[in-house]
Amino acid sequence: MNNEKMIIIGAGAAGLVAAITIARAGQKVTLLEQNNKIGKKIFVSGNGKCNIDNKYINLNRFHSQNPNFVAKVLEGYDFPVVEKFFTSLGLELVEGKEGKMFPMSLQATSVVELLEYEAKRVGVKIVCNCAVTSVDKKGATFTLETSQGTKNCTQLVLTSGSPAAPQLGGSNSGYAFATKMGHALIPRHPSLVQLCSEETWVKGCAGVKVAGLAKLYANGEYITEKKGDLLFTNYGISGLAILDLSREVSTRLAGFDYCELSLDLMPEYSKEKFTNLLLARVQKESEKSIGLWLQGVLNKKLIGIILEQSKSRVKLEKDLNRKEINKLVHTIKNLKLSVNDTKGWEGAEVSTGGIDTSEVNPQTMESKLVENLFFAGEILDVDGDRGGFNFHWAWVTGLRVGK
C-alpha cells in the first residue's frame with residue numbers, strides 16, 4: 001500500500017498544471033494516468049497544432065448553470081497569466097485567427113513534452129497505465145483502489161475529465177468518485193460535436209464544404225445561429241459553424257425537441273444582391289439546363305437538393321424569370337436540414353454539465369462537502385466555446401488548485 005500526501009487523478013491539461021504548480025511550491029505530488037502516456041487530448045488538439053488558449057477571454061465564452069462561479073474562477077486569471085506559466089516552461093506562443101493562441105512550433109507535442117519535462121524536473125511522480133477503480137474516504141485519508149494496487153493520500157485532486165472522446169481516455173469515472181462522496185451532477189451532453197440527419201440527400205452532398213451560416217430552430221422556434229464552415233457528410237453535417245451550434249442542439253435533442261437547421265450557403269450576399277446577380281446571368285436564348293446554369297455559382301452536388309426544396313419546375317435557363325429566381329435564392333439562403341442526433345461522445349471534444357459548482361470553492365477549487373478534495377478542468381459543470389476556451393478553463397483551474 002502506497003501512502004502519499006497528494007494524489008491527482010488524470011494527467012491531462014488541468015492535472016499537469018496543478019501537479020507542476022503544487023510541486024514547485026515544494027509539496028510531493030503523485031499524478032495517476034489511466035492511459036499509457038500523458039496528455040492524449042492535448043496531442044490531438046487543434047489538428048495537432050494545439051490551440052492552447054485564446055487571447056480574448058470573456059465570460060460569455062463559457063457555459064455553466066452557475067455563471068457566477070465561472071466569473072469568480074476567471075477573475076485575475078486572464079490570458080497573460082496562462083502565457084506567463086507557459087513561457088516559464090520555455091514555450092513561446094503565437095496568435096492565430098480570432099485570438100487563438102498556439103505554440104510557436106505549431107506542434108502539440110511541444111506542449112506535452114515541455115509539461116512532462118517540467119513535472120519531472122520539480123519532482124512530480126507520474127504513474128501511467130494506472131486506472132483508478134474506486135475512491136473512499138475514512139477520517140482524513142482517501143483510499144484509492146487502482147490497477148496498480150491500493151494507494152492512500154490525505155489530499156485528492158480529481159482532474160479526470162468527462163466522457164467526451166472515450167478513444168482518448170474520456171470516462172465517467174471522476175463523476176462516480178465524486179457522487180459517491182456526496183457531490184451532485186448537472187446533466188452531461190456531448191458538445192463541439194458533429195450532427196446527424198436522417199435525410200438521405202446529405203449522402204449525395206458528402207464532402208462538400210462551404211463558408212455558410214447555420215440557424216438552429218427547435219420545435220419551429222428560432223434559437224441561435226453561427227457562421228463558419230459547413231461540411232456535408234454521409235451521416236449529416238459538420239464544420240466549424242456546426243460545432244459551435246452543437247452544444248445547443250445536443251441539449252435540445254436531450255429534451256426531445258425537434259431540431260432543424262436553416263443553412264445559408266451564400267451569407268456574404270444579401271437576398272437582393274444575390275437575386276440581382278442571378279438575374280444578370282440569365283441569357284434569354286440559352287438552352288442550358290437549370291442544373292448546369294447553377295453550376296456557375298454552386299457546387300454541383302448541392303444543385304439537386306436546391307431544385308427539389310425550391311420546387312422549381314423550370315428546366316432551361318431561357319425560361320427563368322424573377323419569380324423562379326426568387327425561389328432559388330430563398331432556398332440557397334434557407335436550405336433546410338433536420339437533425340435527429342449527434343455523433344455522441346466519440347465525436348465530441350467536450351461535455352456539457354458535470355460536478356455542480358455550487359458545491360465547490362471558486363478560489364481554491366476545494367469541495368465544500370469533502371475536506372481536502374479538489375476539482376479542476378472539464379469534470380466541473382463548465383464548458384467553453386471552440387477556440388482555446390476549454391484549455392483556458394483547464395489551465396486556470398489547475399493553477400488555482402496549485403495555488
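Biologist: Why is Ser351 called buried?

Modeller: Buried means under 20% relative accessible area, exposed means over 50%, and partly exposed is what falls in between (1.4 Å probe, protein chains only). Ser351 has 0%, so it counts as buried. Please bear in mind that this is a predicted model, in which local features need pLDDT of at least 70 and side-chain atom pairs count only at pLDDT 80 or more, while totals for chains, interfaces and linings use all residues. Residues are numbered from 1 along each chain as its sequence is written, and side-chain values use heavy atoms, with hydrogens and water left out.

Biologist: Where does Ser351 lie, and what is it in contact with?

Modeller: Ser351 belongs to strand β20, residues 350-351. Contact means heavy atoms within 4.5 Å. Leaving aside neighbours within four places in sequence, the contacts of Ser351 include Ser162, Tyr175, Arg188, Trp345 and Asp383.

Biologist: What makes a stretch like 350-351 a strand?

Modeller: Strands are DSSP runs of E with at least two residues, helices are runs of H or I with at least four, and both are numbered from the N terminus. Across the protein this comes to 14 helices and 23 strands. Of its 403 residues, 53% are buried, and the C-alpha trace spans about 85 × 40 × 35 Å along its principal axes.

Biologist: Now for Glu145: why is it called partly exposed?

Modeller: The relative accessible area of Glu145 is 32%, which lies between the two cut-offs, so partly exposed is the right word. Glu145 sits in strand β9, residues 141-146. On β9, Thr141, Thr143 and Glu145 make up the uncovered face, whereas Phe142, Leu144 and Thr146 make up the covered one.

Biologist: Which residues does Glu145 touch, not counting those up to four places away in sequence?

Modeller: They are Ala131, Val132, Thr133, Ser134 and Thr150. Thr133 is twelve residues away from Glu145 in sequence, and their C-alpha atoms are 5.6 Å apart.

Biologist: How do you know that β8 and β9 pair?

Modeller: Two strands pair if DSSP finds at least two bridges between them. Strand β8 (residues 132-138) and β9 have six, in the antiparallel sense, so the pairing condition of at least two is met. Within this pair, Val135 stands opposite Leu144. The two strands form a hairpin with two residues between them, where Gly139 takes a positive phi near 65 degrees.

Biologist: How many bridges join β9 to β10?

Modeller: Five bridges join β9 to strand β10 (residues 149-158), and the two run antiparallel. Here Phe142 stands opposite Cys153, and this hairpin has two residues between its strands.

Biologist: Why are α1 and α5 called roughly parallel?

Modeller: Axes are lines fitted to C-alpha atoms, for helices over the stretch in contact, and angles run from 0 to 180 degrees between N-to-C directions. Helix α1 (residues 13-24) and helix α5 (residues 108-121) pack at about 30 degrees, with axes 9 Å apart. Under 35 degrees is roughly parallel, over 145 roughly antiparallel, 65 to 115 roughly perpendicular, and the rest oblique. The two helices are therefore roughly parallel.

Biologist: What makes the contact of α1 with α5, by class?

Modeller: Leu16, Ile20 and Arg24 of α1 meet Leu115, Glu118 and Ala119 of α5. Ala, Val, Leu, Ile, Met, Phe, Trp, Tyr, Cys and Pro count as nonpolar, Asp, Glu, Lys and Arg as charged, and the others, Gly among them, as polar. That gives four nonpolar, no polar and two charged residues.

Biologist: Which strands are at the edge of the sheet that holds β18?

Modeller: That open sheet has seven strands, in the order β18-β17-β14-β15-β16-β13-β19, with antiparallel pairing. Its edge strands are β18 (335-339) and β19 (341-342), as each pairs on one side only. The partner of β18 is β17 (residues 259-264), through five bridges, one of which matches Leu261 with Leu337.

Biologist: What packs on this sheet?

Modeller: Helix α8 (residues 240-254) lies across β13, β14, β15, β16, β17, β18 and β19, at about 140 degrees to β15. Helix α11 touches β14, β15 and β18, and its direction makes about 95 degrees with that of β18.
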